[in-house]
Amino acid sequence: MPKEATIRTIVITGGGAGIGRASAHYFLERNWRVCVLDKDEDALAEMRQAHARSELLCLGCDVGREDDVGEAFAQIADWLGDGPLDCLVNNAGIADPYCGPLEDLHLGDWQRWIDASLTAAFLCSRSAIPLLRRADRTSIVNISSTRAIMSEENTFAYSAAKGGLDGLTHAMAVSLGPQIRVNAVLPGWIETGPWQKEADRTDGAHRPVDRDQHPAGRVGRPEDIAQTIEFCIESGFVTGQQIVVDGGMTRKMIYAG
Ligand code: NAD
């Protein structure tokens, strides 16, 4: 008799909108059980309605807060039963990088960017490790940004958070392997308009100059990132890496005039 395929499980932080929401959809379509953590209750309510299925668990959680993460992972452990968690995607972040001039940046605002991305990845990874260790070949995927390796003006906290996330990625990779592989995906410009909650949804029209900046001929789609997350999960020999997914944008030189 053919062996029944095991259903795999994935937790995606910031899964209520954008890249996280599209990724949740991508893995649900491939018959994974998906858990989404997000602090936007309206977005989660929409997702629950769209996928009234036991394969999707939506939990309200500010992933930058230790108590919230502890409570969410207790519920995730119940949801998993004795089974393993196959992948954690640390995707939550404040996607708008602009924080204004450094001399005007308040500590509380700096901390918001750091907590949503870097602190959250630490807290969620720490809670996920015992669940990931229940299987032989599991992984953590951190959604970083090309802003970890290049900057526009006045984006200090965002770039620092993403640079920190890349450091956390290789530190975890060398410490948690061989059982758990850890990689960072660095998206470039990803058009998330069509994957926002209904009230915020947009088409995402692009100018020729936007497309021309990308050797691949277009800006990115959230599905491009979901596919790269899948690659990170399936590839047994890739760990501790920064994988840039930007249509070649960061490889193209810009000359003024
Ligand atoms: P988005 O704003 O569309 O979605 C982010 C989701 O994360 C939202 O649902 C939001 O509620 C949630 N979130 C934010 N802070 C949270 C917190 N503390 N706790 C729980 N949930 C929280 O963003 P996106 O564009 O899909 O970005 C997703 C990730 O990809 C982010 O880490 C972002 O930095 C990164 N990224 C995005 C782009 C891009 O062009 N969209 C480019 C590079 C990197």
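The side chain of E46 reaches the backbone nitrogen of E198 at 2.9 Å. This contact comes from a predicted model. E46 itself is found in helix 2, which covers residues 41-50. Its relative accessibility is 19%, so E46 counts as buried, the limit being under 20%. Leaving aside neighbours within four places in sequence, E46 is in contact with R21, K197, E198 and R201.

The ligand was examined next. It is surrounded by 26 residues. The closest are I19, D38, N91, Y158 and Q196. Several polar pairs join protein and ligand. A polar side-chain atom of Q196 lies 2.8 Å from an oxygen atom of the ligand. D62 places a polar side-chain atom 2.9 Å from a ligand nitrogen atom. V63 uses its backbone instead: an N or O atom of its main chain lies 2.9 Å from a nitrogen atom of the ligand. Taken alone, the ligand exposes 830 Å², and the protein buries 88% of that. Two elements give two or more residues each to the surrounding shell, namely helix 1 (18-29) and helix 5 (156-176).

N91, one of the closest residues to the ligand, has its place in the loop between strand 4 and helix 4. Its relative accessible area is 11%, and N91 is therefore buried. Beyond residues up to four places away in sequence, N91 touches I12, T13, G14, I19, G20 and I143. Of these contacts, I19 is also listed among the residues closest to the ligand.

Helix 3 runs over residues 66-80. How far apart should its ends be, given 15 residues at 1.5 Å a residue? The expected span is 21 Å, and the end C-alpha atoms are 21 Å apart, which agrees. The buried residues of helix 3 include V69, A72, F73, I76, W79 and L80. They cover an arc of only 105 degrees around the axis, which puts them on the same side of helix 3. An α-helix has 3.6 residues a turn, so residues three or four places apart point the same way. On the other side of helix 3, D67, E71 and D78 are exposed.

The buried residues of helix 3 have several packing partners. Four are strands: strand 1 (9-13), strand 2 (33-38), strand 3 (56-60) and strand 4 (87-90). Helix 4 (107-132) is a further partner. Helix 3 is followed by G81. The phi of G81 is positive, near 65 degrees.

Helix 7 (222-234) was treated in the same manner. Its 13 residues should span 18 Å at 1.5 Å a residue. The end C-alpha atoms are 19 Å apart, which agrees. Buried in helix 7 are P222, D224, I225, A226, T228, I229, C232 and I233. Their cover includes strand 1, helix 1 and strand 4. It also includes strand 5 (138-143), strand 6 (180-187) and strand 7.

S235 is found in the loop between helix 7 and strand 7 (242-245). With a relative accessible area of 12%, S235 is buried. S235 touches R137 and R181, residues up to four places away in sequence not being counted. S235 and R181 are 54 residues apart in sequence. In space, their C-alpha atoms are 9.4 Å apart.

Some backbone features fall in loops. The peptide bond from G177 to P178 is cis, with omega near 0 degrees. P178 lies in the loop between helix 5 and strand 6. N31 has a positive phi, near 70 degrees, and is a residue other than glycine. N31 is found in the loop between helix 1 and strand 2. N154 also has a positive phi, of about 60 degrees, although it is not a glycine. N154 lies in the loop between strand 5 and helix 5. Are these two residues buried or exposed? N31 is exposed, with a relative accessible area of 57%. N154, at 28% relative accessibility, counts as partly exposed.

Note on methods:
Residues are numbered from 1 along each chain as its sequence is written. This is a predicted model: local features need pLDDT of at least 70, side-chain atom pairs count only at pLDDT 80 or more; totals for chains, interfaces and linings use all residues. Side-chain values use heavy atoms; hydrogens and water are left out. The expected span of a helix is 1.5 Å times one less than its number of residues. Buried means under 20% relative accessible area, exposed over 50%, partly exposed in between (1.4 Å probe, protein chains only). The arc is that of the directions from the helix axis to the C-beta atoms. Contact means heavy atoms within 4.5 Å. A residue is near a molecule or strand if one of its heavy atoms lies within 4 Å of it. A polar contact is a pair of N or O atoms within 3.5 Å; within protein, one must be able to donate a hydrogen and the other to accept it, and residues adjacent in sequence count only if both atoms are side-chain atoms. Accessible areas come from the Shrake-Rupley method with a 1.4 Å probe; for residues, only the protein chains shown count as cover.
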